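User: Hi! I am new to reading protein structures and would like a close look at one part of this one, where two helices meet. Could you walk me through it slowly?

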Amino acid sequence: MEKNKKVLTKIKNPILPLLPLRGICIFPYMVLHLDVGREKSVAALEQAMVSDQQIYLVSQKDAEIDEPNIDNLYSIGTISKVKQLLKLPGGSIRVLVEGLYRGKLLNIIENEKLNTAEIEKYPNTTPEMTPKLEAMTRTLKGIFDEYLRIISNTPKEFIISVMNINNPGEIADLISANVLANLEDKMQILQEIDIEKRVEKLIVLMEKEIEIAHLERDISDKVKSQIGKNQREYYLREQAKAIQKELGEDDGISFQVSEYIKKIDKLKMPKQTSEKLIADAQRLLTMSPNMPDTALLKTYLDTVLSLPWNTKTKENKDLKRAKSILDKEHYGLDEVKERVLEFLAVRQLVNNAKGSILCFVGPPGVGKTSVAKSIAKALKRNYVRMSLGGVRDEADIRGHRKTYIGAMPGRIINALRQAKSSNAMILLDEIDKLGSDFKGDPASAMLEVLDSEQNFAFVDHYIEVPFDLSDIMFVMTANTVDHIPRPLLDRMEVINLSSYTAHEKVQIAQRYLIPKQRKLHGINAANLRIQNQAVADIIDYYTREAGVRDLERQIATICRKTARKIVEDDIKKINLTVENIELFLGKRKYNFDEIKAKDEVGVATGLAWTQFGGDTLNIETNILDGKGQVVLTGHLGDIMKESAQAAISYIRSISQLLGIDKEFYNTKDIHIHVPDGATPKDGPSAGITIATSLISALTGYAVKRDVAMTGEITLRGRILPVGGIREKVLAAFSAGIKTIILPVENSKDLDDIPTEVREKIEFIKADVMDTVIEKALIKQAQTPKLTLFEGFPEGFSNSTGIRQ
């Protein structure tokens, strides 16, 4: 009997494979598809299929738990039958199950492969229909019928099947499975074993569902009046949002809007700006989260709120510290340093001084950008570099309007976002490279940015609200001011950074470039030493520039070769001198222009200015028998050709004073050539050089080889001032020129020339060609006075124009 009793106990409480459900539950009489992926759940299904196809399905209380224990599962589940299995890619299984009857979870028997559960059965029964149960069943059917009239998308087959069922328990299970949406509500019905109580609970829940359905219909009517028929997705989102509002639940959009408004209040913007942004933020409440316009509006708000509206860095006004930083990081550049220190002094005296607008103009590689960085460091201002080279669209400066696809703020606003400070220093690099086309003129857009009387309310097309730029310190760089529009140039304080002298380049190399490159290449001072004369040779014969960029590249080449010798040949120390420099850099790339070996007739030395610094220019003239043709070669520009014509006209007007045949322009051809024909040349500063070369060729007087000159000539022989004196003098000094003739009005420019150069060159200041001819031509006979007629010089023929 004891043995039979144990057998009966096992039959009463069967042990079935356990399959926990996440987020769903299954009722008796219900057929459901499930996707199963957990290893133990898959094993449970396989175990069920090899036995009687029965499995125990029970819902988890927390869907996030992967391996639930008995405390994580509801106490009532459903004993079900596996009707079909389909294996999917990835090891998961899709299964079709049918709920049979309720079962109470008594115990979980854990195993490495699968879990099984001891179940107490609660078979489906048909209760005795008491008057109370009959009344509740009719009430439930009535409520269900009312619900169906509100919700019109229920299949007719399901409605008919429910209405024809007489078992109250089965009716309650079918309605719960298909109407109730909340898992907790479903579990209230599933866990109720008593059929009468089950029906009573379902009536309460159905009354709640009917109330929600009424609200849902009202909301649906409101939403449909606001949106078009084709915006189904929008309608569904509005419907869900309205439901949440009726239930008193907060949604994501409302939270985001409240956060936006908090940020706006915290930033303490101008009243007009904050009102506009708050209105834009509140528009999100009426927009679908999935609409493109919603994403664009959020991006706009995020952009505007990321600007440094009231964020400022504490500025350093210590003149000694600023001077120390500038002197430490840059050699020379006294004018630039002086201007920065003046700016700091003004800031100490006037707290609300407007942001200054400095423009550094100079050849490439002279340190314009690095000086700007040092200024920001000295002032303790946040630094942002904004390259303007090649910018042709006005929208790059002012931004695009939000109506355009892909709209974004302009470069100024983006620079402010990057700087994270409303008193930052913004470097506008290469402002002379701004272009313009049919999309607009960005230089014109820069006028408002740089004008301190207007930029306190700069409006970017994208952000559409004014932003104060008056505290920004703008610094610009350019290679030349010739291409900067005059109205824009008028708003700048131009500071010229001239070419470095050879002495300055040697100092910069020894103080900054060589230590920097040694560190980058893992070399110390003991491994590599470069003598000053070797650096000077690198400057003269391996680089040709106004700055020091190419010089740094050559030093980097030396460091690379040194590193290789240290690694391969185990050489510990290298001393670079003039004698061994070719082993590291190869043959000389340039032969620096030097004075000619002898004085020549018809060849005069001029001085030229280029973007890369100064240069010497030999102008050659030949006089040939012909018919008065003038030939100009050497890739000359229009202005230089006009200077040659002016020089010829001047010489014709004084031909008798020079002892030149006055008909020379009819009987002789003149060929003027400027060597290095591949390089374009232009400008008026070669005027007196062309005139001197012509006079030398026509008179036979040689030109002194150690004299160079620059200046514009007029038809009356007057000499007008020219630019680039510092660069020209430095080039002449490097070429070995001993005497330089320059216009009287350029005397003031001599103060900019380094003392070590100025002391080694004789400067002749001329206002008329008399002085030039007297100082430049070799006096084999008395030099003629050009202002008064005193006869022809001795040794000249009046008929041929050629010295006898």
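Analyst: Here is a walk through one helix pair, followed by the aromatic rings and a short look at another helix. Please keep in mind that this is a predicted model.

Let us start with the two helices. Helix α10 covers residues 271–283, and helix α11 covers residues 292–305. Their axes come within 10 Å of each other and cross at roughly 150°. Angles over 145 degrees count as roughly antiparallel, so α10 is roughly antiparallel to α11. The crossing of α10 past α11 is left-handed.

Which residues of α10 and α11 make the contact? On the α10 side, look for K276, L277, D280, A281 and R283. On the α11 side, they are L297, Y300, L301, V304 and L305. If you sort the residues of this contact by character, you get 7 nonpolar, 3 charged and no polar ones.

Now pick out Y300 from that list, since its ring brings us to the next topic. A pair of aromatic rings is described by the distance of the centres and the angle of the planes. Searching the whole structure gives 3 aromatic pairs. One of them joins Y300 and Y462 in an edge-to-face arrangement, with 5.8 Å from centre to centre and 65° between the planes. This pair links distant parts of the chain: Y300 sits in helix α11, while Y462 is in the loop between β10 (458–459) and β11 (466–467), 162 residues apart.

Are these two rings' residues buried or exposed? Buried means under 20% relative accessible area. Y300 has 0% relative accessibility, so Y300 counts as buried. Y462 has a relative accessible area of 5%, so Y462 is buried as well.

For another example, turn to F664 and Y665, which also form an edge-to-face pair, at 5.9 Å centre to centre and 85° between the planes. Here F664 is buried, with a relative accessible area of 4%, whereas Y665, at 25% relative accessibility, counts as partly exposed.

Finally, have a look at V757, in helix α28 (residues 755–758). V757 has a relative accessible area of 2%, so V757 is buried. Leaving aside residues up to four places away in sequence, V757 touches V729, L730 and F733. For V757 and V729, the C-alpha atoms are 8.3 Å apart, and the two residues are separated by 28 residues along the chain.

Technical notes:
Residues numbered from 1 in each chain as written. Predicted model: local features only at pLDDT ≥ 70, side-chain atom pairs only at ≥ 80, totals over all residues. Heavy atoms only, no water. Axes fitted to C-alpha atoms, helices over the stretch in contact; angles between N-to-C directions. Helix = DSSP H or I, 4+ residues; strand = E, 2+ residues; numbered from the N terminus. Parallel < 35°, antiparallel > 145°, perpendicular 65-115°, else oblique. Left-handed = near helix turned anticlockwise from the far one by under 90°. Contact = heavy atoms within 4.5 Å. Nonpolar A, V, L, I, M, F, W, Y, C, P; charged D, E, K, R; others polar. Phe/Tyr/Trp six-rings, centres within 6.5 Å; stacked < 30°, edge-to-face > 60°. Buried < 20%, exposed > 50% of the residue type's maximum accessible area, 1.4 Å probe, protein only.
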